[in-house]
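Work through the exercises below with the sequence and the coordinates at hand. Each task is followed by a solution in steps.

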Amino acid sequence: MRSLLKYILILMVSLFMMQNLLAGTTGKIVGHVTDASTGQGLPGVNVYLENTSFGAATDMDGNFVIIGIPPGKYTLVSSYISYREVRVTEVQVNIDKTRRVDIRMEPTTLELEEAIVVEAERPLFRKDLTSTESSIGRETIEALPVEDLNEVVNLQAGVVDGHFRGGRVGEVMYMINGIPMNDVYSGTSVMEVENNSIQELNVISGTFNAEYGQAMSGVVNVVTKEGGSKPEMNVSLYSGAYLTNHDNIFWNKNIEPLYDFQFTAGGPFPFAKEKFRYFMSGRWNKNPGYIYGRKVFLPTDHTTDFLLKDDPEERQFMSHGKMYPFSEELAKKMIDEAEAVSMNGSERYSGNMKLTYQLTNVDKLNLETMYQRRNWRQYDHRFRLNPDGDYRYKQWALSTSLTWKHVFSARTFMDVYLAYFYTTFKQHVYEDPYNPRYVVKERLQDTGANAFVSGGQQMWHFDRSTLTHLFKADLTSQVNFHNQIKTGIEAKRHRLWLHEFEILPDQAVRIAPLTSFQNNKYLHYPIEFSAYVQDKMEYEDLIINAGIRFDYFNPDGEVPTNFQEPARSPKKKANSSMQFSPRLGLAYPISEKGAIHVSYGHFFQTPNYFYLYTNPEFDIDPLQSSVAPPPQSLKNTVGNANLKPQKTTIYEIGFQQQVGELYGLSMTVYFKDIRNLLGTQVFQTLEGIRYGRYINRDYGFVRGFTLELEKRYASYFALNLDYTYQVAKGNASDPNNAFLDAQANKETVKQLVPLDWDRKHQLNVSLQVGTPSLVMASVIARYGSGMPYTQASRVVQPLVENGGRKPDVFNMDLYLNKQFQIGKFKYGVFLKVYNLLDRLNELQVFQDTGRATYSTEPLYFGAGRPRGLNTLEDYYIHPEYYSAPRRVQLGVQVGF
């Protein structure tokens, strides 16, 4: 095994030294320079991008290629002896894309020597597009009513609440400046780039080239801004609140404001204007949330005999350490007058510093550091009258990267990356596990079922961290006018640490030993290595993207040899895995402004490392009802470091057509075959206790099509519309399904059923109206058909899994912006309204009715009967079942 790995490493390094690139952060410009009068190609013409070091000379036929250009808008200049200079402005360059600019030059005269200026229009179709992807520039993001990167991503065709074309969450690779930034434990991004730092966002929801790996459903690639040649600064501040008519659901009568402060600054350093530049940004956001509880109880309160008294007049309860006789009038008064506490608020700090140094004419260094800290809460319905007893969440992340770009020639360059990123996550009620406010878990049961808890708190502490060191080297070479070869290698070493334990306040030692199910701890150092080679072949009537990728993974884990006694069994080292994945994409222009593309690929992804290392001591709880499960996993499930990579095979065919100068139309049909998805296998110990072990067993498929229409800004408005029809089916939505079925003595479904996120119809509309000199208005409207749910009630057993459909959802957001300038300063005033219509979209529903608004369950318990301080009707109002209510924000900005 070691000799095979050594051979592969030598082979891939050799390929790297021979050829070229990285996960795309740059694009290229190609074109043909001709004599305007004869149409003949002009050799030796100097073509360059103004105020940059990028340029090329035309060949004998008048063709030129400029590669390695960061995304953005440029002025392309063409100069030649005895010809008038031509300046093409507003040339847009996108990540991984080829922009064609043909230039016609006129002979100069003594009377007329000034340059010819031409404004380039962004094409509404891409000739070299071989799969579905969207490139969103900073100007577009700034014009939309969006707050975060994920909101922009969810506007793209085929993306539904983070699910790319029917895939599970965690199947997307997030990249910042070409560097993978996924937290391998959870599959989510280590940090979220703020919108004010984004130069361009590239979202790939179809097949993707060999340079991208460890993803089955999509790629999100962000290129951050660099400092420009002139100083610039921008500051914005807004405040707002949730303004809704649904106080009976959200309990937010006392309006608490939200705040947001952002700034950006950049430009050259005074002592080295031509070589040394900087860009920095920062943001502070405080959102109080929209779901409120009432602090009627403290965790230390106890009401042990409340349920034992049949006569309500004999019942007593404790509030803030004092006993009260129960009455419905007093209960209502105490709830209404108790302190309101936000139960889903958040606060976030983030910052970014990017230094760019042009070391020589052929060497460029980028040093970037990003920081993020978040504190938040997630609503738990049981704690609505005891909000201090629920979990608090904290996350801290830091990343640093050093990039060296070396240009070997006008057609070959290399990128070398060194990166480090670290993230921690904490979940607890009180940070100190020995805090005397912790009480025994029995306090959570004082008021019984269907009642808000009257004391107690969550019992688990959960802490983890992920540290990743990365080396990446890529080489790009435009070997001739038709072929751009890319090759690269990447190595990552991770450090995953986790410690979770249950607090035991009634014992002298509050933390159970590591040999107990109530205490889990691990430290692992998994390793990843990958390499790829790829060729982009561009001809007049055909574009081909072909490549192959190699991935290797060493999990650094152990697995038991005897599954009847997993904790006591001897362990063996987990196996390493490797695989090759071919990729192919074709684009065939059918007219000057139209093209068809076809793509195919195999995509592998190692499961999120959570599933490899869960329950590291393989402890099985013999008294399954006595101990609460850890907060991040199910009780009596164990990880599997021998999990194989999950696999998706994707087929796609698409069509693009520009209609006139203003409209662009595209349609894509796709199919995904998904294998080796995570599931659970149920085992039984010698004592007869069932437990689940994660294995590769689930499967599914997705089919659908997308339709997109774009109208560029003209006649005071611009329009983007995309529609997705999709069917996503599988044998399980949750990897734990088989184990949960076994625990409930149910037979596991052996047929394909709609997945939990199967939304058949999704429509997104973005409209911009107005003129920059007056007021610009942007509206985003989104419609989605209902997602599936499993119907069940007391009189009807669960029918076919996910056989019912939730209500449809609809949302509309508004952004009004007025810009004006006084001297060198630019000012702006803006208004943003999210959920403009204050619509209650039902995201979760009761299984017996298929609605969030009511359930028949209270009829079986005696409607109106007090359960703790609440009635059953009160308890069955679930605010977390609904989308966020109307949010209004008013702000100002200033910059130069």
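The exercises go from the whole chain to strand pairing, nonpolar cores and one loop residue.

This is a predicted model, in which local features need pLDDT of at least 70, side-chain atom pairs count only at pLDDT 80 or more, and totals for chains, interfaces and linings use all residues. Residues are numbered from 1 along each chain as its sequence is written, and side-chain values use heavy atoms, with hydrogens and water left out.

**Exercise 1. The chain as a whole**

Task: Determine how compact the chain is for its 896 residues.

Solution. Step 1: count the secondary structure, taking helices (H or I, at least four residues) and strands (E, at least two) as DSSP runs numbered from the N terminus. The chain has nine helices and 51 strands.

Step 2: compute the radius of gyration over C-alpha atoms and compare it with the globule rule, 2.2 Å times the number of residues to the power 0.38. The chain gives 30 Å, close to the 29 Å of the rule, so it is as compact as a globular protein of that length. Its C-alpha trace spans about 110 × 70 × 55 Å along the principal axes.

Step 3: assess burial, where buried means under 20% relative accessible area, exposed over 50% and partly exposed in between (1.4 Å probe, protein chains only). Of the 896 residues, 57% are buried.

Step 4: examine contacts, meaning heavy atoms within 4.5 Å. Among contacts with a separation of 6 or more, 71% are between residues 24 or more positions apart.

**Exercise 2. The partners of S29**

Task: Find which strands pair with S29, and in which sense.

Solution. Step 1: two strands pair if DSSP finds at least two bridges between them. Strand S28 (residues 460–478) is antiparallel to S29 over 19 bridges, and a hairpin of four residues links S28 to S29. Leu475 has Thr487 in S29 as its bridge partner.

Step 2: strand S31 (residues 527–538) is joined to S29 by 11 bridges, also running antiparallel. Here Ala491 stands opposite Phe529.

Step 3: strand S30 (residues 519–524) runs antiparallel to S29 with six bridges, and Leu498 is paired with Tyr522 of S30.

Step 4: check the cover of S29 (residues 483–502). It is mostly covered, with 16 of its 20 residues buried.

**Exercise 3. An open sheet**

Task: Identify the edge strands of the sheet S10-S15-S16-S13-S14.

Solution. Step 1: these five strands form an open sheet with mixed pairing. Step 2: S10 (133–137) and S14 (179–180) each have a single partner strand, so one side of each lacks a neighbour in the sheet. Step 3: the partner of S10 is S15 (residues 198–204), antiparallel over five bridges, with Glu133 paired to Ile204.

**Exercise 4. Nonpolar cores**

Task: Describe the largest nonpolar core.

Solution. Step 1: a nonpolar core is a set of buried Ala, Val, Leu, Ile, Met, Phe, Trp, Tyr and Cys residues joined through side-chain atoms within 4.5 Å. The largest has 34 residues, and Val296, Leu385 and Leu869 have the most contacts inside it.

Step 2: helix H5 (328–337) is one of the elements that supply at least two residues; H5 gives the most, with three.

Step 3: beyond four places in sequence, the contacts of Leu385 include Trp251, Val296, Ile335, Phe452 and Leu869. A second, separate core has 30 residues, including Ile141 and Leu201.

**Exercise 5. A loop residue**

Task: Is Gln156 buried or exposed?

Solution. Step 1: Gln156 lies in the loop between helix H3 (149–153) and strand S11 (159–160). Step 2: the relative accessible area of Gln156 is 13%, so this residue is buried. Step 3: beyond four places in sequence, Gln156 touches Ser134, Ile136, Val203, Asp722 and Asn764.
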